[in-house]
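Thank you for making the time this morning. I would like to walk you through one structure, a part at a time, and I will put it on the screen now.

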Amino acid sequence: MNDSSPKSDKIVKSDAEWKKQLTPEQYHVARKHGTERAFSGAYWNTKHSGLYTCICCGTPLFESGTKFDSGTGWPSFWAPVAEGAVALKEDRAFFMRRTEVLCARCDAHLGHVFPDGPDPTGQRYCMNSASLAFEPKKDDKK
Ligand SMILES: [Zn+2]
């Protein structure tokens, strides 16, 4: 086996289908590579424990344990929930060289990753709330 793609259960939908499923803001960010305004999203300041999943296909992407306050106004994580959960792609838009972060399963645009994050990875996954859904941890009751 030397198939380099870890997932064979790719989700492919038409623009019209995504548009129907998502809010205009979610569609703009996740399917049209948009960026929400800083401090405007639902999760930039969320500190509850739980799981962040893809707004488009529900794939688990990030855990609250890797979330940190980056001061940027976007939800920031130092690692995805699993290797292969997200796909990285070079992004040369706007004459900058950045690394785009996509959902590995449905190619939703999530945000960008920068090499100025905290330990232990030194990575900063700068995500858009609009591309994420949050599932609070169920066994969090006292
Ligand atoms: Zn997805």
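Let me begin with a question: how many bridges join strand 4 to strand 8, and in which sense do the two run? Strand 4, which covers residues 76-77, is joined to strand 8 by two bridges, and the two strands run antiparallel. Please keep in mind throughout that what you see is a predicted model.

Staying with that pairing, if you look for the residue that faces F77 across the bridge, you will find Y125 in strand 8. Strand 8 also pairs with strand 7, residues 109-114, and here the sense is again antiparallel, with four bridges between them. Within strand 8, R124 is the residue that stands opposite F114.

Now consider the two faces of strand 8, which spans residues 124-127. On one side we have R124 and C126, on the other Y125 and M127, and all four are buried, so that both faces of the strand are covered, buried being taken here as under 20% relative accessible area.

That brings me to the interior. The largest nonpolar core holds 24 residues, and the members that touch the most others in it are C56 and F62. Two or more residues of this core come from each of helix 2 (24-32), strand 1 (50-54), strand 2 (60-63), strand 6 (98-103), strand 7, strand 8 and strand 9 (132-136). If we take F62 and set aside its neighbours within four places in sequence, its contacts include Y125 and M127, which we have just met in strand 8, as well as F77, the bridge partner of Y125. Also among the contacts of F62 are L51, Y52, V81, V86 and L132.

Let me turn, finally, to the loops, where three places deserve a careful look at the backbone. In the loop between strand 7 and strand 8 sits P120, and the peptide bond leading to P120 from D119 is cis, with omega near 5°. In the loop between helix 2 and strand 1 we come to H33, which is not a glycine and yet has a positive phi, near 60°. The side of H33 open to question is its exposure, and there the relative accessible area is 42%, which means that H33 is partly exposed. D107, in the loop between strand 6 and strand 7, is likewise a residue other than glycine with a positive phi, in this case near 65°. With a relative accessible area of 39%, D107 is partly exposed.

Conventions. Residues are numbered from 1 along each chain as its sequence is written. This is a predicted model: local features need pLDDT of at least 70, side-chain atom pairs count only at pLDDT 80 or more; totals for chains, interfaces and linings use all residues. Side-chain values use heavy atoms; hydrogens and water are left out. Buried means under 20% relative accessible area, exposed over 50%, partly exposed in between (1.4 Å probe, protein chains only). Two strands pair if DSSP finds at least two bridges between them. A nonpolar core is a set of buried Ala, Val, Leu, Ile, Met, Phe, Trp, Tyr and Cys residues joined through side-chain atoms within 4.5 Å. Contact means heavy atoms within 4.5 Å.
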